[in-house]
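Subject: The structure for you to look at

Hi,

Here is the structure I said I would pass on. Have it open while you read, and my notes follow below.

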Amino acid sequence: MENGDIPENANEHCPGPQSESAGKSDSCAGCPNQEACATAPKGPDPDLVAIAERMSTVKHKILILSGKGGVGKSTFSAQLSFALAGMDHQVGLMDIDICGPSMPKMLGLEGSEIHQSNLGWSPVYVADNLGVMSIGFMLPNSDEAVVWRGPRKNALIKQFLKDVYWRDIDYLVVDAPPGTSDEHISIVQYLQATGIDGAIIVTTPQEVSLIDVRKEVSFCKKVGVPVLGVVENMSGLSQPLADVKFMEIGSSVDVTQKVISCLRENAPELLNVLACSEVFDSSGGGAERMCREMGVPFLGKVPLDPQLCKAAEQGKSCFEGGNKCSVSAPALKSIIQKVLASMKDEESN
């Protein structure tokens, strides 16, 4: 237990050997280290000093959270990072979803490896001003499962913070796993002394997702992390009518070409309109109503856009070149501008 690190064979909810409850809490029962922790001298974690030194070159830290998995949180994290880098900011993206790292795929970095120097671990760079750190770069192959208990996950998060040489950066975007578990508690604990600008929480419109998002908002309030706002992702399917695939009702016969030809001949102006459909039930008011009830900012809605899904699969920005997503990119840009404006206002107060 050198330097107060949590041992790898500790129980899942280990309070840490430096905690006043070490060896005494209910979660310590049956742990092979219980007696050693109970009798060990207590004191501040020396690694927090090293983390504070590393983070002194990071101007802003933003957590991206979600209560429920599969709501597009990692897609939002990746596109937020692309957008900030596109504004000529220096950006770092840290993936702390230890068991389900998505960032290597979503930033087109599959197969890349982490390198070490005398300054520490070097992030993998998408561009000169966008570096990424993920356990995905450390696995022998992308199919390898990470079967770790909480203490080992926490140790890696700490290592990402104290051993990675991020250089002078404007924004550190932290992509967290769904829920409010060990990883979330650890990242807040490790960064609290250095200042966290806040959290952006991603959800989908239906109540089954919002139930867990309310817990995420409650978590932020309990640990003192400001909620920068909530994003309602996959808020209806929107795509140009010309991109829609048409099928005969009751069969699998593709009649797309027949429909498009008919429209082109009889109503060509309709080929320039968007076809929209509510995929998820939002009759309960969605994220906007939840934000009013819980007193947190509502940042906006991002439609379910097949072009955005394609950009994420290809590890590309949705804002540039041929990958530009005409439906989702403007919504994302508006949300990001709101976040930056609120952070600027908070900074000036």
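Let's start with aspartate 88, which sits in the loop between H3 and strand S2 (91-95). This is a predicted model, so please read everything here with that in mind. Is aspartate 88 buried or exposed? Its relative accessible area is 66%, and because anything over 50% counts as exposed, aspartate 88 is exposed. Its backbone is worth a look too: phi is positive, about 70°, although the residue is not a glycine. Most residues other than glycine have a negative phi.

Methionine 234 does something similar with its backbone, with a positive phi near 55° in a residue other than glycine. Its setting is strand S9. With a relative accessibility of 16%, methionine 234 counts as buried.

That brings us to the strands. S9 covers residues 227-240, and 12 of its 14 residues are buried, so the rest of the structure largely encloses it. Which strands does S9 pair with? S8 and S9 run parallel and are joined by 5 bridges. Here isoleucine 200 has glycine 229 of S9 as its bridge partner. S9 also pairs with strand S11 (residues 298-304), again in the parallel sense and over 5 bridges. If you want a spot to zoom in on, leucine 237 stands opposite leucine 304 in S11. Strand S10 (residues 274-277) is joined to S9 by 4 bridges, and these two run antiparallel. In that pairing, proline 240 stands opposite leucine 274 of S10.

Now go to S1, residues 58-65. Of its 8 residues, 7 are buried, so this strand is largely enclosed by the rest of the structure. S1 pairs with strand S7 (residues 169-175) in the parallel sense, over 6 bridges. Isoleucine 62 has valine 173 as its bridge partner in S7. S1 also pairs with S8 in the parallel sense, this time over 4 bridges. There you can find leucine 65 opposite isoleucine 201 in S8.

Next, a pair of helices. How do helix H3 (residues 73-86) and helix H11 (residues 328-348) sit relative to each other? Their axes come within 11 Å and cross at roughly 70°. That angle makes H3 roughly perpendicular to H11. On the H3 side, the contact is made by Phe76, Gln79, Leu80, Ala83 and Leu84, while H11 brings Leu332, Ile335, Ile336 and Leu340. By type, the residues of this contact are 8 nonpolar and 1 polar, with no charged ones.

What about the nonpolar core? The largest one has 82 residues, and those touching the most other members are Leu63, Phe76, Met94, Leu107, Leu161, Ile187 and Ile200. H11 supplies the largest share of this core, 8 residues. Another core lies apart from it, made of 5 residues, including Leu241, Ile260, Leu263 and Leu271. In soluble globular proteins, nonpolar side chains tend to be buried together.

For one of those well-connected residues, take methionine 94. Leaving out residues up to four places away in sequence, it touches Met133, Phe160, Leu161, Trp166, Leu172, Val173, Val174, Asp175 and Ile187.

A few single residues to finish:

- Glutamine 206 is in the loop between strand S8 (198-203) and helix H7 (207-223). At 17% relative accessibility, it counts as buried. Neighbours within four places in sequence aside, glutamine 206 is in contact with Phe280 and Asp281.
- Serine 181 is in the loop between S7 and helix H6 (182-191). Its relative accessible area is 30%, which means it is partly exposed. From C-alpha to C-alpha, serine 181 and valine 296 are 22 Å apart in space, and they are 115 residues apart in sequence.
- Alanine 52 belongs to helix H2 (residues 46-55). At 33% relative accessibility, alanine 52 counts as partly exposed. Alanine 52 and aspartate 163 are 111 residues apart in sequence, while their C-alpha atoms are 11 Å apart in space.

Over to you, and have fun exploring!

Key
Residues numbered from 1 in each chain as written. Predicted model: local features only at pLDDT ≥ 70, side-chain atom pairs only at ≥ 80, totals over all residues. Heavy atoms only, no water. Axes fitted to C-alpha atoms, helices over the stretch in contact; angles between N-to-C directions. Parallel < 35°, antiparallel > 145°, perpendicular 65-115°, else oblique. Contact = heavy atoms within 4.5 Å. Nonpolar A, V, L, I, M, F, W, Y, C, P; charged D, E, K, R; others polar. Core = buried A, V, L, I, M, F, W, Y, C linked by side-chain atoms within 4.5 Å. Buried < 20%, exposed > 50% of the residue type's maximum accessible area, 1.4 Å probe, protein only. Pairing = 2+ DSSP bridges.
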